[in-house]
Amino acid sequence: MTPAPIPTALAAAAAAVLNTADARAKAAASRAAAARWRAGEIAAIGAAKAPDRPARPARPELKLPREMPKRRGAGTRESRIALLHAVAHIELNAIDLAWDIVARFAPGTLDVPPDLPRNFFDDWVRVGDDEAKHFLLLAERLAVLGAAYGDLAAHDGLWQAAHETRHDLLARLAIVPLVLEARGLDVTPAMIARFERLGDMESAAVLRVIYADEIGHVAAGRRWFEWLCGRRGAAPVETWRALVRKHFRGPLKPPFNDEARAKAGFSIAYYSAAPEAAWTNTD
Ligand SMILES: [Fe+2]
Ligand SMILES: [Fe+2]
């Protein structure tokens, strides 16, 4: 079989990442495309067809969230593998989420302003590169622990947010970086502390790298969300709340990591409960 031609426009490179099934190959394609964009070897943005669902490896088996086994045996090697595997799965999804933005929302399509600045693409290419780095770091930790991505089941709810917001960049930014990635900032410090308590400093160090990078991802989401609100003459906080109510299932779960969110410029005014109280977790 002749190898696929190397794309020379960014949207095509993004589609190529999305259409790569093997997890390590997807991560490698993501890093390579980002390097070529930074080096100027890919200069045009172009247009591409983003697939409805990105290609994924045959394993892990994907299950509905409610079918996922409960984690047992806190502190065992198996429980550390389960946690690293779950985060690796999130990072693999995050690679696709970043490149889906690049492939799907070309300037001048789907209500995207034709003068969408080039540094919008710089930001999402960097996010795609970071997510691939995160996946590979976790794959390395899994290998050291005698496991691999694909060994355990993973949950299939993560692409839902992308599918739900596939027609509207503003909705995509409201949900993916500003709900899901912001949620990552809320939960990661406790995971880091857990690995440190267990004496697994290497896994804790990987999660620290992820945590620092993810602040930048939320910041990029917030920056472009507000830029697009400005273009549409929409009030950011009210618009974000309305989009979250429309597109995100379930309440946002406190406690929120106000400090990390603030570092991303994502102020408490967005997600504080008053007056709607819509964000209160009633579980
Ligand atoms: Fe990540
Ligand atoms: Fe991220």
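I will talk about the two iron sites in this structure, which is a predicted model.

Let me begin with the iron ion (ligand 1), whose protein donors are Glu91, contributing two OE entries, together with Glu131 (OE), His134 (ND1) and Glu214 (OE), and these donors lie 2.0 to 2.8 Å from the ion. If you follow the donors of the iron ion (ligand 1) along the chain, you will find the spacing E-x39-E-x2-H-x79-E. Distant parts of the chain are linked here, since Glu91 sits in helix H3 (residues 77–104) and His134 in helix H4 (residues 118–144), with their positions 43 residues apart. Both Glu91 and His134 are buried.

Turning now to the iron ion (ligand 2), the protein donors are Glu131 (OE), Glu181 (OE), Glu214, which is listed twice through OE, and His217 (ND1), at 1.9 to 2.6 Å from the ion. The donor residues of this second ion follow the pattern E-x49-E-x32-E-x2-H in sequence. Here again distant parts of the chain are linked, with Glu131 in helix H4 and Glu181 in helix H6 (residues 169–197), 50 residues apart.

What, then, do the two ions share? Glu131 coordinates both the iron ion (ligand 1) and the iron ion (ligand 2), and the two ions are 3.7 Å apart. Glu214 also appears among the donors of the iron ion (ligand 1), and among those of the iron ion (ligand 2) as well.

Finally, why do we call Glu131 buried? Its relative accessibility is 1%, and the cut-off for buried is under 20%. Glu181, with a relative accessible area of 11%, is therefore counted as buried too.

Terms used: Residues are numbered from 1 along each chain as its sequence is written. Chains are lettered from A and ligands numbered from 1 in the order in which they are written. This is a predicted model: local features need pLDDT of at least 70, side-chain atom pairs count only at pLDDT 80 or more; totals for chains, interfaces and linings use all residues. Side-chain values use heavy atoms; hydrogens and water are left out. Donors are N, O and S atoms within 2.8 Å of the metal (3.2 Å for Na, K and Ca); water is not among the atoms, so sites may look incomplete. Helices (H or I, at least four residues) and strands (E, at least two) are DSSP runs, numbered from the N terminus. Buried means under 20% relative accessible area, exposed over 50%, partly exposed in between (1.4 Å probe, protein chains only).
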